[in-house]
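I sat down with a fresh page and a cup of coffee to look up a few things in this structure. Here are my notes, in the order I took them.

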Amino acid sequence: MKNSFKALFAAALFSLAAFVPAQAAEFVLVNTDPDGAGFNDPTPATPVGGNTGTTVGQQRLIAYSRALQLWGSILKSDVPIVVLGSFSSLSCAPTTGVLAQAGAWNVELNFPGAPLANHWYHSALANSIAGTDLYPGTDIIDGADIIAFFNSDLGTAACLTGSTWYYGLDSNANSAAGQIDFLNVFMHELSHGLGFSNFVNEATGAVLGSTFGMPHPDVYMANTFDNVTGKLWNQMTAPEIVAAAVRNGQEVWVGAKVTARAPSVLGPLVLLKVTAPASLVGEYEFGTASFGAVATPANFSGPIVAGVRAGTGNVNDGCTPLTNAAAVAGKIALVQRGTCAFTVKAKNAQDAGAIGVIIANNAAGGAAIGLGGSDPTVTIPAISASTQFGVDFIASGGVGAGGLAASATRLAGADAAGRVRLYAPTTVALGSSISHYDTAASPNLLMEPAITPTLEASVNVDLTAALFEDIGWKTELSLANCGAGSGAPGVDVTGEIYAGPIYLCAIGAKNKGAAQSCSTQYLNTLKKAGIISGATKGSLTSCAASGQ
Ligand SMILES: [Ca+2]
Ligand SMILES: [Ca+2]
Ligand SMILES: [Ca+2]
Ligand SMILES: [Zn+2]
């Protein structure tokens, strides 16, 4: 693994000494950029968002160090975690590009205390479990744990035109002005290197070590579950892995910590809730359409009537003008897939006066699929339903009621058992597939495949720390037991890392009074933003004051 990367590193060494004492994880940054570039870029810069650097390079280093401090304040390790960092040209085009890439630089197998035999572990985690540096290497680079590249082309016209890095430490990037939050990106990338990634190739099913006679699954695979075969990924053959990797919605994380914390982080899933006929009362998954208005609980609710057309064949397929327009007008029309385009069916429902349309699948046992196509004249919202739903609805008489509503039991981004979905696009994206949470998660998570403007990694790592606990990380803080609820110490039930910045106040202050005023100011900000409750603020304030 590491040998394939070696050639990229020829530059001068610059290491920042550690900032975080023993019981929290200590990170060491190794800056591998050459003079005058990347982390050493001398271009003058104005301090921004709590970042006091006066050159671009300094600001990069300060933001980078803050991310290391934040993860260091959550994860426990007696072995320093060495991170190689560099700015370089990464794949980028005007409208799409790679912001950064990171991963484990060394991996470990069957080390002392390994929770799972014959499973690969990221070296930072393996070292923390073993309590020793399992591979010191020939030098600090060879023996390092994590490697991270950042795209140095961001800010040029050819790379994500109009975008620039934001180096503030306050998660306050102006996304409307094209700013991309470096701290959010690096908190995300560091997570990959700390354990939030598998080592299996989803395109071939080959596990790590296949090429050097040590083919083994990894600890991430041991927590990845396929709902179709009912198998964990570390129990699958290569062909099974290839098939599972593209089963959008079916791959989930089964680690207990993530599942336990998910209801505190994820919002409710919106489903098609049917209230009539009695035989169909319940909640159903639906698919969305690429045409018409976006279906929402506000615009998609009311009586439902099956659309009927004249002629032969399936008279419920909506392919010619509906003959029961009087019954459909002002209601949601239900039609079935087949014979003509989805947009034609939606247009015929719209012309009959429908306020929305449900297009049920017609394939045997078919699920609610995505509805493709384009027709700007379709303005009503359209959703899909399963084959069975359409058949049953028409068989029951073709009259009912319902609409989109927040589920009382299901979470947005989790399966029916409450296990959080992993990203499994129908076309494999190597390095991205499975090694992220699914984009279906809402609100957006730090470890979804795309960095989104609402993320605030300076104070909130949502479900990331829980996943680390599932793979064997111990989470501990100098503010042990300051956490509220059932979260890890210092990480509350919704994953906010409020204790991390308080900890930074403590180590950055001249005396205890200054530390307390720093943490009070920070807690007030969190309270004002609605991130913590008054009660949490109170317990944290006394915790900080106790000098723990
Ligand atoms: Ca090492
Ligand atoms: Ca992979
Ligand atoms: Ca999302
Ligand atoms: Zn990622």
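I started with D226 and found K231 of β12 standing opposite D226. A reminder to myself: this is a predicted model. I then looked up the strands around that pair: β11 (residues 224-226) and β12 run antiparallel and are joined by two bridges. They belong to an open sheet of three strands, ordered β12-β11-β13, with antiparallel pairing. Its edge strands, β12 (231-232) and β13 (251-253), each pair on one side only.

Next I turned to the calcium ion (ligand 2). Which atoms coordinate this ion? I noted N198 (OD1), V200 (O) and E202, the last listed twice through OE, at 2.3 to 2.6 Å. Along the sequence these donor residues follow the spacing N-x1-V-x1-E. I also checked burial, and both V200 and E202 are buried.

Then I moved on to the sheet of eight strands, which is open and mixed in its pairing, in the order β15-β14-β21-β17-β18-β19-β20-β16. I marked β15 (282-284) and β16 (287-288) as its edge strands, each pairing on one side only. Within this sheet I picked out β18 (residues 332-336) and β19 (residues 356-360), which pair in the parallel sense over five bridges. For Q336, I found the bridge partner A360 in β19.

Last, I looked up the helices. Helix α8 (residues 342-351) packs on the sheet, touching β18 and β19, and its direction makes about 140° with that of β19. Helix α9 (residues 387-395) packs on the sheet as well; the strands it touches include β14 (268-276), β17 (301-306) and β21 (399-411). I wrote down about 115° between the directions of α9 and β18.

How values were computed: Residues are numbered from 1 along each chain as its sequence is written. Chains are lettered from A and ligands numbered from 1 in the order in which they are written. This is a predicted model: local features need pLDDT of at least 70, side-chain atom pairs count only at pLDDT 80 or more; totals for chains, interfaces and linings use all residues. Side-chain values use heavy atoms; hydrogens and water are left out. Donors are N, O and S atoms within 2.8 Å of the metal (3.2 Å for Na, K and Ca); water is not among the atoms, so sites may look incomplete. Buried means under 20% relative accessible area, exposed over 50%, partly exposed in between (1.4 Å probe, protein chains only). Two strands pair if DSSP finds at least two bridges between them. Helices (H or I, at least four residues) and strands (E, at least two) are DSSP runs, numbered from the N terminus. Contact means heavy atoms within 4.5 Å. Axes are lines fitted to C-alpha atoms, for helices over the stretch in contact, and angles run from 0 to 180 degrees between N-to-C directions.
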